[in-house]
Amino acid sequence: LADRILQHYKVQAIKEGYKILGSFELLGNPVGLVNSLGTGVMDFFYEPAQGIVQSPEKFVAGLGKGTLSLVRNSIYGTFNAVSKLTESASRGLGSLAMDTDYTQRREASSRERPKHAG
């Protein structure tokens, strides 16, 4: 029984390990990018298909809704991944400066609440 339980957890760790590896911000969060793109593509086909079974007007509305979702999720996923990638690069380059005052000021400013946020 213990061997079966151990085997189960090993298999699950392998199946889920790619999500952990892929969500590292150092890589720009590729899992988040794929999820966003996948949602957009699914909506692009799903929304018009739901509308076509009801009426031509609903098909056109579904086509618009699906296209909007595809564009929105593609833009969000791409910019989010690039943002994470540049943030990681910035942190890495900042630590290469080996200036402790700069590093401390940078960490303190990252903890501050933005002045323009409500």
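Here are a few notes on two helices, α2 and α3, in this predicted model.

1. Let's start with helix α2, which covers residues 30-52. How far apart should its ends be? With 23 residues at 1.5 Å a residue, α2 should span 33 Å, and its end C-alpha atoms are indeed 33 Å apart, so the two values agree.

2. Have a look at Asp-43 while you're there. Helix α2 has a kink of about 25°, and the kink is centred on Asp-43. Asp-43 is also one of the buried residues of α2.

3. Which other residues of α2 are buried? Besides Asp-43, the list has Gly-32, Ser-36, Gly-40, Glu-47, Pro-48 and Gly-51. And what do they pack against? The buried residues of α2 pack against α3.

4. Ser-36 makes a handy example from α2. Its relative accessibility is 9%, and buried means under 20%, so Ser-36 counts as buried. If you skip the neighbours within four places in sequence, Ser-36 is in contact with Asn-73, Tyr-76 and Gly-77.

5. Now hop over to Ser-74, which sits in helix α3 (residues 56-96). Is Ser-74 buried or partly exposed? Its relative accessibility is 22%, so Ser-74 counts as partly exposed. The cut-off for buried is under 20%.

6. One last pair to find on the structure: Ser-74 and Leu-33. Along the chain they are 41 residues apart, yet 8.0 Å separates their C-alpha atoms.

Note on methods
Residues numbered from 1 in each chain as written. Predicted model: local features only at pLDDT ≥ 70, side-chain atom pairs only at ≥ 80, totals over all residues. Heavy atoms only, no water. Helix = DSSP H or I, 4+ residues; strand = E, 2+ residues; numbered from the N terminus. Buried < 20%, exposed > 50% of the residue type's maximum accessible area, 1.4 Å probe, protein only. Expected span 1.5 Å × (residues − 1). Bend = angle between axes of the 7 residues up to and from the residue. Contact = heavy atoms within 4.5 Å.
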